[in-house]
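Hello,

Here is the structure I promised to hand over. Please look through it first, then read my notes below.

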Amino acid sequence: MIRELHEWVRAHRDELLADVAAYVGIETPSDDKECLARGLSWVDGWLRERLGAPSTVRDVDGGVHGDIKVYDFTGTGTPVLILAHYDTVWPLGTLSDRPFTVDGDRATGPGIFDMKSGLVHAVWALRALDAAGLPRPAVRLVLNGDEEIGSPASRPVIEEAAAGTSATLVFEASAGGAVKTARKGVGLFRVRATGVESHAGLDPTKGASAIDELARAILALHGLADPAAGTTVNVGVIRGGTRQNVIAGAASGEIDVRVSSAAEAARVDAGLAALTAHDPRATVTVEGGWNRPVMERSAAIAELYDLARSAAAELGVTLAECSVGGASDGNFVAALGHPVLDGFGAVGDGAHARHEHISVEGMLERTALAAAVLHRLGEKPVAPGSPAE
């Protein structure tokens with residue numbers, strides 16, 4: 001059955017590529033509300049053309065960020081949540097320099113790997129099941145346009161959409177073909193130091209250097225890192241002072257923290273709370289918080305991975321799993337205790353890089369695999385109160 005799905009997908013190669021080309025051809029930078037609106041409008045029309053009218057659609061205003069749409073499509077068996085963001089990191093005008101191209105097995109274009117081709121996989125997987133006359137589960141699809149900037153508007157929508165579903169597939173790009181069964185949590189913090197300004201030559205003792213306080217805080221922050229436990233701390237940006245001959249009155253540093261467990265997040269929180277000024281005339285404060293919780297490899301995630309690995313084996317494919325330092329919207333759902341399989345999208349490379357590309361053969365293979373996994377999930381019992389009822 002699974003190999004037949006693969007053959008059907010392969011027979012529609014040109015149509016899949018045409019859909020990817022059309023989608024990549026609509027620029028959707030995270031910081032351009034107008035472009036995001038055009039992109040979401042295109043996706044909405046394309047979804048209805050490819051899958052038919054959804055049973056329900058919920059529109060959520062993203063404010064200054066991209067709007068969010070939540071679609072429910074009817075089906076049988078277990079309701080499945082599919083996450084797919086439509087924003088990209090690429091600014092408007094990138095297409096003029098790097099248009100969609102296909103060269104042998106390699107297709108390129110801004111956002112193609114992260115993660116526009118992933119949504120095409122998901123949609124054509126559902127079409128493959130329909131064409132084969134195989135049951136497919138009810139699907140709840142969330143499209144958000146702020147993932148690349150931390151999902152500030154869409155997080156509560158995603159968490160609410162997870163209710164009543166029993167599995168989540170995130171069609172983010174794969175990691176060398178591997179799916180992601182664990183992701184680090186991400187903390188974004190700013191440390192601010194305030195001091196007392198004075199003349200560095202005439203009155204050095206009257207001053208209290210904010211830069212000195214920030215430097216001490218940075219050393220303490222680096223001391224919180226524990227690579228063996230999966231905890232990294234990066235001070236990516238520092239600012240401070242006004243002139244070379246002035247004792248600095250203000251300084252700040254922007255911090256990126258990655259952790260592999262909730263316990264490590266708690267330890268880092270305690271370390272941040274313990275930061276204090278060395279000079280009693282100065283102050284050190286911490287702002288920010290955890291942008292995404294940890295996605296730990298739970299027993300439920302392991303079970304979902306085993307299901308996908310078994311389906312891949314029927315395709316003659318070895319489906320590996322991995323843990324990665326980057327985070328996604330899957331972190332939000334996993335933190336609620338739901339099984340999540342992430343990195344279910346494109347095979348390729350170059351997320352956020354100019355060499356971003358996908359494998360065309362990989363696109364066909366992953367689409368067939370998605371169809372097989374969705375079919376198996378659709379054979380499971382329906383959860384009470386689900387959209388399939």
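**Notes on the model**

Arg13 is found in helix H2. Keep in mind that this is a predicted model. With a relative accessible area of 29%, Arg13 is partly exposed, because partly exposed covers the range between under 20% and over 50%. Which residues does Arg13 contact, leaving aside its neighbours within four places in sequence? They are Gly104, Val360, Met363 and Leu364. Tyr305 is another matter: Arg13 and Tyr305 are 292 residues apart along the chain, and their C-alpha atoms are separated by 27 Å.

**H2 and H5**

Stay with H2 for its packing. The axes of H2 and H5 come within 10 Å. They cross at roughly 135 degrees. That makes H2 oblique to H5, because the angle falls between the 115 degrees that ends the roughly perpendicular range and the 145 degrees above which helices count as roughly antiparallel. The crossing of H2 past H5 is right-handed. From H2, the contact is made by Glu15, Leu16, Asp19, Val20, Tyr23 and Val24. From H5, it is made by Ile112, Lys116, Ser117, Leu119, Val120 and Trp124. By class, the residues of this contact divide into eight nonpolar, one polar and three charged.

**H1 and H5**

H5 (residues 112–132) also packs with H1 (residues 2–11). Their axes are 10 Å apart, and the angle is about 115 degrees. H1 is therefore roughly perpendicular to H5. This crossing, too, has its handedness: H1 and H5 cross in a right-handed way. On the H1 side, Leu5, Trp8 and Val9 make the contact. On the H5 side, Trp124, Arg127, Ala128, Leu129, Ala131 and Ala132 do so. The contact of H1 with H5 has eight nonpolar residues, no polar ones and one charged. Note Trp124 of H5: it is listed in the contact with H1 and in the contact with H2.

**Salt bridges**

How many salt bridges does a search of the whole structure find? The search finds 28. Here are some of them.

Arg50 and Asp19 meet through their side chains in a salt bridge, at 2.8 Å from N to O. This pair links distant parts of the chain. Arg50 is in helix H3 (residues 33–51), Asp19 is in helix H2 (residues 13–24), and they are 31 residues apart. Is Asp19 buried or exposed? Asp19 is buried, because its relative accessible area is 5%, and buried means under 20%. Asp19 is also one of the H2 residues in the contact with H5.

Arg48 forms a salt bridge with Asp44. The closest N and O atoms of this pair are 3.1 Å apart. Both residues lie in helix H3. They are four residues apart, about one turn of the helix. The two ends have their own burial classes: Arg48 counts as partly exposed at 35% relative accessibility, whereas Asp44 is buried, with a relative accessible area of 14%.

Glu314 and Arg376 also meet in a salt bridge between side chains, at 2.1 Å from N to O. This pair, too, links distant parts of the chain. Glu314 is in helix H9 (residues 299–314) and Arg376 is in helix H11 (residues 360–378), 62 residues apart. Glu314 is partly exposed, with a relative accessible area of 36%. Arg376 counts as buried at 19% relative accessibility, because the cut-off for buried is under 20%.

There is also a network. Salt bridges that share partners join Arg190, Arg192, Arg239, Glu254 and Glu287.

**H9 and H11**

The helices of the Glu314 and Arg376 pair are H9 and H11. The axes of H9 and H11 come within 9 Å and cross at roughly 125 degrees. The two helices are therefore oblique to each other. Their crossing is right-handed. H9 brings Leu304, Leu307, Ala308, Ser310, Ala311, Ala312 and Glu314 to the contact. H11 brings Leu369, Ala372, Val373, Arg376 and Leu377. By class, that is nine nonpolar, one polar and two charged residues. Both Glu314 and Arg376 are in this contact, and they are the pair joined by the salt bridge at 2.1 Å.

Best wishes

Notes
Residues numbered from 1 in each chain as written. Predicted model: local features only at pLDDT ≥ 70, side-chain atom pairs only at ≥ 80, totals over all residues. Heavy atoms only, no water. Salt bridge = Lys/Arg side-chain N within 4 Å of Asp/Glu carboxyl O. Buried < 20%, exposed > 50% of the residue type's maximum accessible area, 1.4 Å probe, protein only. Axes fitted to C-alpha atoms, helices over the stretch in contact; angles between N-to-C directions. Parallel < 35°, antiparallel > 145°, perpendicular 65-115°, else oblique. Left-handed = near helix turned anticlockwise from the far one by under 90°. Contact = heavy atoms within 4.5 Å. Nonpolar A, V, L, I, M, F, W, Y, C, P; charged D, E, K, R; others polar.
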